[in-house]
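Let's take a walk through a protein chain together. Have the picture open while you read, and look up each spot as we get to it.

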Amino acid sequence: MKIAVPRERRAHERRVAATPETVKKFVAMGFSVTIEAGAGLQSRIPDALYKEAGATIEPDVASVYKDAALVLKVQRPMQAVEGDLDELALIPKSALLLGILSPFNAPESVAAYAGAGITAMALEFVPRITRAQSMDVLSSQSNLAGYKAVLDAAVEYDRAMPMMMTAAGTVAPAKVMVLGAGVAGLQAIATAKRLGAVVSATDVRPVAKEQVESLGGRFVMVESDELKEAETAGGYAKEMSEDFKRRQAELVAQTIKTQDIVICTALIPGRKAPVLVNDEMVASMRPGSIIVDLAVEQGGNCTASRPGEVVDVNGVKVVGHFNVPSRIAADASALYAKNLLNFVSPLVCADGDGATAELALDFEDEILAAATLAHGGSVVHSAFTDNN
Ligand code: NAD
């Protein structure tokens, strides 16, 4: 059974869906693996290392996809309307496509998978259950994004982060506020603390308080009965009421004007990111302050952030880099490729002679049921079926 790993073609994407380590494991399971030439270069993986691990290197993308039963991608394949190469048309019928397929950003792609007879699974839909922790691409990538966001802020900041007591005088520690204390936010807190900053954070999920405090951060939060209902059964945040939003805005406004660096990480799955920092709040910060908006591609937590830009608002720099995990591509690829290996491994069964790997898909399984967008020529995910 053949696994295809094409080069990622979307803008700002430097990651790759397999590493020599995962290729070796797939080959040991009985798969053959074909990697498009140069697929790993931006993650510092030369073709020779894939070859050493047992992969075939193929310069022609059509040959990479030819006869593949399993396609490993980071982002969803390009479609004809998006450019010169129609990757989707190259994927063999009945193949299994795995990736961060972002179906809410491209709902039409889901029907296209069904139309092409592909089984498409979105890894970001894997439920946050204990059994699936090692497959959790949201966690592996957000964790790195939270770390990189603080480094990106430090690079833009023209002061030092830690307190320094020197013969020439004392440098005060930077004050960092983290909005949203999920996976990215908690790593941002830990990273800012390691750099010596004084850190505070806020979230709408009350359980975040203990997590923030365990990392040495101060938790600031609106007191409201609404918070008891702020978390879904899946552990995600809900959209809050207008009254809560107003009170939260007052709290953020009060805190933010004393901060040097703000790291925005707040998200609500399947919706636009909540706006937490408005223009007035940006104007209240002293020149030289930094805001990094990790939510910029989901609409932004900060009204001044622009995707792919570093905006200067009267001396306050608002950083809105695209695809932050990809800015730390070598580690992001390594962890993402392991997530994919951990997702595929339980699906593998050896064929009769035990030499060739086959996939057995149980669509009743809660992980596959949550992740599958299209199968057998139909859209099967409830968020995208017509009767939804
Ligand atoms: P996310 O990326 O969806 O959102 C980031 C954070 O923003 C969340 O903490 C959210 O509560 C917060 N947020 C949303 N609206 C906000 C607002 N108006 N103001 C302030 N903060 C706001 O979240 P995530 O990082 O993917 O984590 C979601 C949940 O999943 C968490 O409960 C986390 O602990 C849990 N989780 C579980 C596992 C596991 O058990 N396998 C793994 C990872 C994460």
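Start with the residues that form the shell around the ligand: 16 are nonpolar, nine are polar and four are charged. Keep in mind that you're looking at a predicted model. Which residues come nearest to the ligand? Out of the 29 around it, they are Gly180, Gly182, Gly235, Ala237 and Ala266. Two helices also help to build this shell: helix 6 (137–156) and helix 7 (183–194) each supply at least two of its residues.

Now zoom out to the whole chain. The domain assignment splits it into domain 1, made of 2–135 + 328–376, and domain 2, which covers 142–327. Measuring over C-alpha atoms, the centres of the two domains are 33 Å apart. Where they touch, domain 1 brings eleven residues and domain 2 brings ten. On the domain 1 side of that contact you'll find five nonpolar residues, one polar and five charged.

Next up is a sheet. It is an open one, built from eight strands in the order 3-2-1-4-5-6-18-19, with mixed pairing. What stands at the edges? That would be strand 3 (56–58) and strand 19 (378–379); each has a single partner strand, so one side of each has no neighbour in the sheet. Further in, strand 4 (residues 70–75) runs parallel to strand 5 (residues 96–100), and the two pair over four bridges. If you want a landmark there, leucine 72 sits opposite leucine 98 of strand 5.

Let's finish with a few loop residues. Most residues other than glycine have a negative phi. Here are two residues with a positive one:

| Residue | Phi | Loop between |
|---|---|---|
| Arginine 44 | near 65° | strand 2 (32–36) and helix 2 (47–52) |
| Serine 102 | near 40° | strand 5 and helix 5 (107–116) |

Are they buried or exposed? Arginine 44 counts as partly exposed because it has 14 C-beta neighbours inside 10 Å. Serine 102 has 13 such neighbours inside 10 Å, so it counts as partly exposed too.

One last stop is proline 206, in the loop between strand 10 (198–202) and helix 8 (208–214). Proline 206 is partly exposed because 13 C-beta neighbours lie inside 10 Å. Along the chain, proline 206 and leucine 227 are 21 residues apart, yet their C-alpha atoms are separated by 6.6 Å.

Methods:
Residues are numbered from 1 along each chain as its sequence is written. This is a predicted model: local features need pLDDT of at least 70, side-chain atom pairs count only at pLDDT 80 or more; totals for chains, interfaces and linings use all residues. Two strands pair if DSSP finds at least two bridges between them. A residue is near a molecule or strand if its C-beta atom, placed from the backbone, lies within 6 Å of it. Ala, Val, Leu, Ile, Met, Phe, Trp, Tyr, Cys and Pro count as nonpolar, Asp, Glu, Lys and Arg as charged, and the others, Gly among them, as polar. Domain bounds come from an automatic or database domain assignment. Two residues are in contact if their C-beta atoms, placed from the backbone, lie within 7 Å. A residue is buried if 20 or more other C-beta atoms lie within 10 Å of its own, exposed if 12 or fewer, and partly exposed in between; C-beta atoms are placed from the backbone.
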